[in-house]
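The following note sets out several points for a colleague's consideration. It should be read alongside the sequence and the coordinates.

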Amino acid sequence: MQTPDEQTSASTKTKSLIPNQQAQKDMIRAIFYCLLVVVLIRSFIVEPFRIPSSSMVPTLRVGDHIFVAKFSYGFSIPFTKVQFLNFAEPQRGDVIVFLWPRDESFHYVKRVVGIPGDKIQIKGPDILINDKLVVKTNLPEDKKSEELSDDIDDDGIFFVEKIESVSHLIRHHKERWPGHESRNIEEVIPPNQYFVMGDNRDDSSDSRSWGLVPRENIRGKAKLIWMSLEQAGAWNNLRKIRWARCLKLIS
């Protein structure tokens with residue numbers, strides 16, 4: 001049998017447990033809502049990606065951290081490729097992020113060159129879309145310092161290419177210019193498929209080597225470089241940040 005003092009102590013402990021239990025429930029609820037918001041944002045609004053390779057140089061560099069707009073073309077059920085709302089289609093010149101058709105555990109980023117129905121011809125360094133040559137002009141030497149980062153690989157030939165209304169820089173390797181015979185391709189793009197290429201034309205694994213990208217594999221349109229770090233950079237080292245590339249729109 002408990003003494004009055006023991007009864008008072010037990011009652012006090014019981015009362016103290018109630019606020020603690022409520023605090024734990026509130027914390028679990030807050031964590032749940034935070035995770036829900038993150039999932040919704042990443043699934044329907046924007047998703048961050050880091051650029052691991054040089055296939056999109058000079059547009060995107062190794063160490064660029066980009067935001068991809070998930071709402072540019074439509075919505076899909078989170079963690080699946082099932083699309084339930086499409087209100088736009090990728091256009092020629094768009095920079096897109098997609099699941100690599102040969103291994104969907106990898107995300108790739110490339111530029112759309114051919115859309116469904118297009119006749120695509122690759123003749124060495126030249127691209128023809130529906131029998132029309134894609135225009136590219138030499139990047140003048142005096143423009144290189146304005147258009148290219150100071151630390152970009154200079155062992156290349158740079159051009160301004162225009163696909164539809166999108167003007168962007170591309171790079172060819174000096175030793176491989178003007179292109180290889182093995183790069184010659186001609187095909188008509190079937191429905192719901194896209195022909196993509198990297199802007200670093202002689203150092204890119206893309207539709208020229210592994211084929212087309214299905215529509216359902218496309219995750220969104222690359223919109224913004226929000227942070228850029230040198231390849232061996234670290235977040236705690238401000239000297240490794242490429243400040244000129246931060247908050248840069250992708251075109």
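Which side chain meets that of Arg-242 in a salt bridge? The points below begin with this pair; the model is a predicted one.

1. The partner of Arg-242 is Asp-64, with a distance of 3.7 Å from N to O. Because Arg-242 lies in the loop between strand 16 and strand 17 (248–249) and Asp-64 in strand 2 (residues 64–69), this salt bridge ties together parts that are 178 residues apart in sequence. Arg-242 counts as buried, at 10% relative accessibility, and Asp-64 is likewise buried, at 0%.

2. The structure holds 16 salt bridges. One of them joins Arg-92 to Asp-118, whose closest N and O atoms are 2.7 Å apart. Arg-92 is in the loop between strand 4 and strand 5, and Asp-118 is in the loop between strand 6 and strand 7, so that the pair links distant parts of the chain, 26 residues apart. Relative accessibility is 17% for Arg-92, which counts as buried, and 3% for Asp-118, which also counts as buried.

3. Asp-131 and Lys-119 form a salt bridge through their side chains, at 3.1 Å from N to O. Since Asp-131 is in the loop between strand 8 and strand 9 and Lys-119 is in strand 7, the pair ties together parts twelve residues apart in sequence. Lys-119 is partly exposed, with a relative accessible area of 25%. In addition, a network of salt bridges links Arg-111, Glu-161, Asp-199 and Arg-201.

4. Strand 5 (residues 95–99) is largely enclosed by the rest of the structure, because five of its five residues are buried. Val-95, Val-97 and Leu-99 point one way from the strand, while Ile-96 and Phe-98 point the other way. Strand 5 runs antiparallel to strand 6 (residues 107–114), joined by five bridges, and Leu-99 stands opposite His-107. Three bridges join strand 5 to strand 16 (residues 218–228), again antiparallel; there, Ile-96 has Lys-221 as its bridge partner.

5. Four strands form an open sheet in the order 9-8-7-13, with antiparallel pairing. Strand 9 (132–133) and strand 13 (185–188) are its edge strands, each pairing on one side only. Within the sheet, four bridges join strand 7 (residues 119–123) to strand 8 (residues 126–129), and Ile-122 stands opposite Ile-127.

6. Two cavities of 30 Å³ or more are found in the whole structure, and the largest has a volume of about 140 Å³. Its lining comprises 15 residues; Lys-70, Gly-74, Ser-76, Ile-218 and Arg-219 lie nearest the centre. By class, the lining has three nonpolar, seven polar and five charged residues.

Notes
Residues numbered from 1 in each chain as written. Predicted model: local features only at pLDDT ≥ 70, side-chain atom pairs only at ≥ 80, totals over all residues. Heavy atoms only, no water. Buried < 20%, exposed > 50% of the residue type's maximum accessible area, 1.4 Å probe, protein only. Helix = DSSP H or I, 4+ residues; strand = E, 2+ residues; numbered from the N terminus. Pairing = 2+ DSSP bridges. 1 Å grid on protein atoms, 1.4 Å probe; cavity = no way out; pocket = protein on both sides within 12 Å on 5 of 7 lines; lining within 4 Å. Points joined across faces, edges and corners; volume = space filled by probe spheres on them. Nonpolar A, V, L, I, M, F, W, Y, C, P; charged D, E, K, R; others polar. Salt bridge = Lys/Arg side-chain N within 4 Å of Asp/Glu carboxyl O.
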